[in-house]
Protein chains: 2
Amino acid sequence: MKDSNLKKAGLKVTLPRLKILQILEDAKEHHLSAEDVYRVLANAGEDIGLATVYRVLTQFQEAGLVIRHNFEEEHAVFELDHGEHHDHLVCVKCGRVDEFTDNVIEKRLHEVGKETQFMITDHSLNIYGICGGCQK
Amino acid sequence: MKDSNLKKAGLKVTLPRLKILQILEDAKEHHLSAEDVYRVLANAGEDIGLATVYRVLTQFQEAGLVIRHNFEEEHAVFELDHGEHHDHLVCVKCGRVDEFTDNVIEKRLHEVGKETQFMITDHSLNIYGICGGCQK
DNA sequence: GTCCGTGCAAAGGATTTGCATAATC
DNA sequence: GATTATGCAAATCCTTTGCACGGAC
């Protein structure tokens, strides 16, 4: 259950937190902005403030439950952290975000870190372009 | 001269534009925020407003003279566009930004585009970590 | 009952915009 | 001289915070 995820993260189990976690899990489009989450809540008749959405998402991020991305947009987007790192394909037409991983690239990244004496903690790789659907 | 760069871009040659272009060219650290540019101008005794800095940088971006990046910071940074694409190594300690390119990665990116039927227009690859200097 | 979480409204930082003035061509 | 830029202040957008109330444990 979601309860345990929250408890494990040291967060009290509250309605807003459960709802928001649920929304992130159910989302077709895995990458949601705070606004998006707020809108879904509003449409579901939940009376949860935007400030709370931001607060909860930030807490989730600190707890490692979600990842926050700054794509080339004006606002941040959040996605559940399932553990495996992945990179992103962002469609500049429709805003759709797909995920991918590539072992060759991952390996080269480590090598680049070694060559440049850089202690890598993280990386973000985003490919921007036009997705199959939008090319028609 | 810088004049021609501006004219080529269809921009009138004005003092603020020249100064800002100059600052971007002279900068040790190639990646500057609007605030950084503004500070340099102020220190040089130039009386140029922050709004103008933003306006000029945005115009430069539209003209293809500079590239705007949104790293994991709260503000954008700008660098001169010298034509060759490169990726970034961002030190999370001191904020230093280095550049690199890797042909293996570039090649794989194209292949990922093909495999996913994605018409790639651009990409951004940022490695976050601790630079050699900060590891001591 | 204590403490943490929430809602609301106000604050905050980065960036943009409206308007009168000043500069370029 | 006409048009485009600039400076300033106000406006805007996304996000965070302060504070009093309500809910979790």
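In this predicted model, a side-chain N or O atom of Arg55(A) sits 3.2 Å from a base oxygen of DNA strand D, a polar contact in the sense used here (a pair of N or O atoms within 3.5 Å; within protein, one must be able to donate a hydrogen and the other to accept it, and residues adjacent in sequence count only if both atoms are side-chain atoms). The phosphates of this strand are also met: a polar side-chain atom of Tyr54(A) comes 2.3 Å from a phosphate oxygen of DNA strand D, and a polar backbone atom of Ala76(A) is 3.0 Å from a phosphate oxygen of that strand. Being a prediction, the model is read with some filters: local features need pLDDT of at least 70, side-chain atom pairs count only at pLDDT 80 or more, and totals for chains, interfaces and linings use all residues, while side-chain values use heavy atoms, with hydrogens and water left out. Residues are numbered from 1 along each chain as its sequence is written, with chains lettered from A and ligands numbered from 1 in the order in which they are written.

Now for the wider surroundings of DNA strand D. There are 21 residues around it, and Tyr54(A), Thr14(B), Asp47(B), Thr52(B) and Arg55(B) come nearest; a residue is taken as near a strand if one of its heavy atoms lies within 4 Å of it. Of the strand D atoms that come within 4 Å of the protein, 71% are accounted for by sugar and phosphate. Helix 4 of chain A, helix 2 (15–26) of chain B and helix 4 of chain B each supply at least two residues of this surface, helices here being DSSP runs of H or I with at least four residues and strands runs of E with at least two, numbered from the N terminus. Helix 4 of chain A gives the most, with 5 residues. By class, the surface near DNA strand D has 8 nonpolar, 5 polar and 8 charged residues, where Ala, Val, Leu, Ile, Met, Phe, Trp, Tyr, Cys and Pro count as nonpolar, Asp, Glu, Lys and Arg as charged, and the others, Gly among them, as polar.

DNA strand C is surrounded by 20 residues, the closest being Thr14(A), Asp47(A), Thr52(A), Arg55(A) and Tyr54(B). Sugar or phosphate makes up 70% of the strand C atoms within 4 Å of the protein, and bases make up the rest. Several phosphate contacts can be picked out. Thr14(A) places a polar side-chain atom 2.8 Å from a phosphate oxygen of strand C, whereas Asp47(A) uses a backbone N or O atom, at 2.7 Å from a phosphate oxygen. From chain B, a backbone N or O atom of Ala76(B) lies 2.9 Å from a phosphate oxygen of strand C. The elements giving two or more residues to this surface are helix 2 (15–26) and helix 4 (50–62) of chain A, along with helix 4 (50–62) of chain B. Helix 4 of chain B gives the most, with 4 residues. The split by class is 7 nonpolar, 5 polar and 8 charged.

As for the two protein chains, a turn of 179° and a shift of 0.0 Å along the axis lay chain B on chain A with an RMSD of 0.1 Å, after least-squares superposition on the C-alpha atoms of residues with pLDDT of at least 70 in both. That is the relation of a two-fold axis. In chain B, the C-alpha nearest the axis belongs to Leu125(B), 2.1 Å away from it. Both copies use the same surface, as 100% of the contact residues of chain B recur in chain A (contact means heavy atoms within 4.5 Å).

Chain A itself comes to 5 helices and 6 strands, in the order α-α-β-α-α-β-β-β-β-α-β along the sequence. Its C-alpha trace spans about 50 × 40 × 25 Å along the principal axes. Of its 136 residues, 40% are buried (under 20% relative accessible area, with exposed over 50% and partly exposed in between; 1.4 Å probe, protein chains only).

One backbone oddity deserves a mention. Most residues other than glycine have a negative phi, yet phi of Gln117(A) is near 55°, a positive value. Gln117(A) lies in the loop between helix 5 (103–115) and strand 6 (119–130) of chain A, and at 58% relative accessibility it counts as exposed.
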